[in-house]
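Subject: Structure for your review

Dear colleague,

Please find below the structure that I am handing over to you. My notes on what was found in it follow directly after.

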Amino acid sequence: MPIDSARQFAEHWVSAWNRHDLEDVLSHYTDDFEMTTPMIQKLLGIVTGTLKGKKAVGDYWKAALQKMPDLKFSIIDVTSGVNTVSVYYNAVLGKRAIETFFFDSDGKVFKAVATYS
């Protein structure tokens, strides 16, 4: 993915999160996408740290936004690869995160993996 497109995606994604517009956030993903993050492991006790499907992840994110009404992200850097974008950003609870998004041929995210400092 060209770096300009990667940056545009990252800026739109962070803007949607900062507005707490879950519908806009979820518009980037396929219906069957897979999200893996240690936060799922920690908060839901799912050993794999993975949720599958827009509904399951959306419900998880909705609960997270209710628990963290002041959630705000800020981009540190954006990188791009073959059908991938990684966003390095200031996340929640004073942590920094790198989230890598895997895009299908329609430009939608079918998989995302987050790591934290």
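In which helix do lysine 55 and aspartate 59 both lie, and how many residues apart are they? Both belong to helix 4, which spans residues 54-67, and they are four residues apart, about one turn of the helix. Please bear in mind throughout that this is a predicted model.

Salt bridges

The structure contains six salt bridges. In general, side chains of opposite charge can pair when their charged atoms come close. In helix 4, the side chains of lysine 55 and aspartate 59 form such a bridge, with an N to O distance of 2.8 Å. Lysine 55 is exposed at 62% relative accessibility, whereas aspartate 59 is partly exposed at 42%.

A second bridge within a helix joins aspartate 4 to arginine 7, where the closest N and O atoms are 3.9 Å apart. These two residues lie in helix 1 (residues 3-18), three residues apart, which is again described as about one turn of the helix. Aspartate 4 has a relative accessible area of 58% and is therefore exposed; arginine 7, at 38%, is partly exposed.

The bridge between lysine 52 and glutamate 34 (3.8 Å, N to O) links distant parts of the chain. Lysine 52 sits in strand 2 (residues 50-52) and glutamate 34 in strand 1 (residues 29-36), 18 residues apart. Lysine 52 counts as exposed, with 61% relative accessibility, while glutamate 34 counts as partly exposed, with 22%. Finally, Arg19, Asp21 and Asp24 are connected in a network of salt bridges.

The nonpolar core

The largest nonpolar core comprises 34 residues, and those touching the most other members are Trp13, Trp17, Trp61, Phe73 and Phe101. Two or more residues each come from helix 1, helix 2 (22-26), strand 1, helix 3 (38-44), helix 4, strand 4, strand 5 and strand 6 (109-116). Helix 1 makes the greatest contribution to this core, with seven residues.

Phenylalanine 73 may be worth viewing individually. Not counting residues up to four places away in sequence, phenylalanine 73 touches Trp13, Val14, Trp17, Asn18, Tyr89, Asn90, Ala91 and Val92.

Threonine 84

Is threonine 84, a residue of strand 4, buried or exposed? Its relative accessibility is 16%, so threonine 84 counts as buried, the cut-off for that class being under 20%. Apart from neighbours within four places in sequence, its contacts are Met1, Thr79, Thr100, Phe101, Phe102 and Phe103.

Backbone points

Most residues other than glycine have a negative phi. Two residues deserve mention in this respect. Asparagine 83 is not a glycine, yet has a positive phi of about 55°. Asparagine 83 is located in the loop between strand 3 (74-81) and strand 4 (84-90), and is partly exposed, with a relative accessible area of 48%.

Leucine 93 likewise has a positive phi of about 55° without being a glycine. Leucine 93 falls in the loop between strand 4 and strand 5 (96-103). With 63% relative accessibility, leucine 93 counts as exposed.

Yours sincerely

Conventions
Residues numbered from 1 in each chain as written. Predicted model: local features only at pLDDT ≥ 70, side-chain atom pairs only at ≥ 80, totals over all residues. Heavy atoms only, no water. Buried < 20%, exposed > 50% of the residue type's maximum accessible area, 1.4 Å probe, protein only. Salt bridge = Lys/Arg side-chain N within 4 Å of Asp/Glu carboxyl O. Contact = heavy atoms within 4.5 Å. Core = buried A, V, L, I, M, F, W, Y, C linked by side-chain atoms within 4.5 Å.
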